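Here is a short report for a reader new to this structure. It looks at one strand and its partners, then turns to the ligand.

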Amino acid sequence: MEFSLTLGKYILKVESEKNTPNASGALLTGTDIRIQLPFVADQFYCHGWQSWSLTAWLDTREELAPSFPVSLHASHIDLPYAFEKKPNGSWLGAVNTPDGKIILLGSLGLESHVKYDGDSLCGSYEHGNGDWFLAYGLEQDIFQKYAFLLGDRFGKTRLKDSPRIWCSWYSFYKEIKESTLLRIINEMGDLAFDVIQVDDGWQKKVGDWEANEKFPSGMQALADSIKLTGRKAGLWLAPLIAVQSSSIFQNHQGWLLHDAHGRLVQAGVNWHEKFFALDTTHPQVLEMLAELMQKVRTWGYDYVKLDFLFAGALPGQRYVNIPRETAYRQGLETIRLALGDAYLLTCGAPILPTLGLCDAIRVGPDVSDVWNLNLESRLMNNFAVPGAQNAIRTTLNRLWLKPIVHTDPDVVYFHSRNISLSNEQKQLLKYLAYISEFKATSDLPSWLTASERQELQLFLTSKPEIKYISQYKYQINGSICDLSESIKFPKSLNWFENLIRFFIGNLANISIAFILFDKFFSIERRKSDL
Ligand code: 9PG
């Protein structure tokens, strides 16, 4: 049915199945709904599907170009919309209005998408119908209202404060080993970390969650050593994927997600091989997940970072035929239950289906000690790849989630050893952590000068007063912090660079070429001399 809705001075033509107007807009129901606007908007808020996916206000006059390489699409964006040319986003979308406000259309259910087609906001559910929140007002107010509605539907985080974390990833990458970690634990002294979190590199294989030969005393002994310092032990796992050489892949292909032709659904390329998605509707997968989480708790880990979770929500044929994000959410429910009261940080996670089942969500791509990796990001039109600027951009645009979940912006750097970030850029990451109210670093205490160590301790112990001023502008303890410059996009490519994009992008689609590139040029590789 069609009706007219007056929002401020704008009269909108709304097509939906049901509608209930309210003070700021309306609650709507429908599978495909359309909101015709009386003006042409020049900006669209594009919300990325999972933690790493680009989230930003984009110029509506420019057609969207696909990101490269296509072989990373499954790991970075929502596959069904990878080649969409019109501005669009997962679950929600917004446009700016000529009077400096916004109109937001946000779904209150899963498997939904919003597109701007030039004169209308179009919302669609992949299956059945569902509810929508339509509202007009100041960006900050409207997103807060939407966040509260999502909190009511999906649940909110149980804890007020987030823990302060030392995480092994951004110093050692996969090169961690027991002896080095034990040394670092000893060097921590009085640094005010609540958690020491062991990241990727401890496991036999992604999919085989046992300690590898670099951890000869086992994971329980390591947790014990961490806990002796009065801190919580944290562990990284990617429980919804398995690499080709893992025993899950070798022995339990029935646990993996297949497509309509019975072929395995590839979730990405990493760890120098292809990796695949687990089917979270398979009863044996659910059993395995619960046992795995209980094992990690028994080892003594009370903080868990679960990564690459998007794989559970990829399109495919499942053991039980239910919609993909619903299937993922059910798997996450099993995980949450088995984890008991452990702190759960989710990463690479589809945002809406994860709400209410975790304590924190990573809300941007990985930072790195490089501001912008030109080859991977600008040339490939890929803003989900690691880089401080990419992380700042997407995180800032997701901070409206803060009232309902801890928002993890990734780590801050304090050291000045072998790092290409300027002091100003490091400062921006620090501001981002303050604003996000989530603090983490991977710096080794031994890398820090006395004053850097002091700066880190001050960062960990201080609770500055944060005030939102305007879009990307905050007041931190009285001083103005303007992040608007840092979220800008790099300039577009010239014809020659476009040619290189085409050539490298297509080459990287060939898995073996990508694996070789990753092996020799990835940031991890560049940093493995640490
Ligand atoms: C461990 C890391 C760290 C990091 C996570 C995640 O292939 N990819 O697209 C890709 C994206 C992100 C990524 C790794 C690979 O990083 O965000 O903090 O835990 O995994 O492997």
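## An enclosed strand and a ligand site

Strand β21 covers residues 273-277, and 4 of its 5 residues are buried, so the rest of the structure largely encloses this strand. The model is predicted.

Which strands pair with β21? Strand β19, residues 241-243, does so in the antiparallel sense, over 3 bridges. Within that pairing, Ile241 has Ala277 of β21 as its bridge partner. Strand β20, residues 266-270, also runs antiparallel to β21, and 4 bridges join the two. Here Phe275 of β21 has Gly268 opposite. Strands β20 and β21 form a hairpin with 2 residues between them. In this hairpin, Trp271 adopts a positive phi near 55 degrees.

Now the ligand. Its surroundings comprise 14 residues. The closest are His76, Asp199, Asp200, Lys305 and Asp366. By class, this shell holds 6 nonpolar, 2 polar and 6 charged residues.

Three side chains place a polar atom by an oxygen atom of the ligand, as the table shows.

| Residue | Distance from its polar side-chain atom to a ligand oxygen atom |
|---|---|
| Asp199 | 2.7 Å |
| Tyr170 | 2.8 Å |
| Asp307 | 2.8 Å |

How much of the ligand does the protein bury? Taken alone, the ligand exposes 450 Å², and the protein buries 92% of that area.

Key
Residues are numbered from 1 along each chain as its sequence is written. This is a predicted model: local features need pLDDT of at least 70, side-chain atom pairs count only at pLDDT 80 or more; totals for chains, interfaces and linings use all residues. Side-chain values use heavy atoms; hydrogens and water are left out. A residue is near a molecule or strand if one of its heavy atoms lies within 4 Å of it. A polar contact is a pair of N or O atoms within 3.5 Å; within protein, one must be able to donate a hydrogen and the other to accept it, and residues adjacent in sequence count only if both atoms are side-chain atoms. Accessible areas come from the Shrake-Rupley method with a 1.4 Å probe; for residues, only the protein chains shown count as cover. Ala, Val, Leu, Ile, Met, Phe, Trp, Tyr, Cys and Pro count as nonpolar, Asp, Glu, Lys and Arg as charged, and the others, Gly among them, as polar. Buried means under 20% relative accessible area, exposed over 50%, partly exposed in between (1.4 Å probe, protein chains only). Two strands pair if DSSP finds at least two bridges between them.
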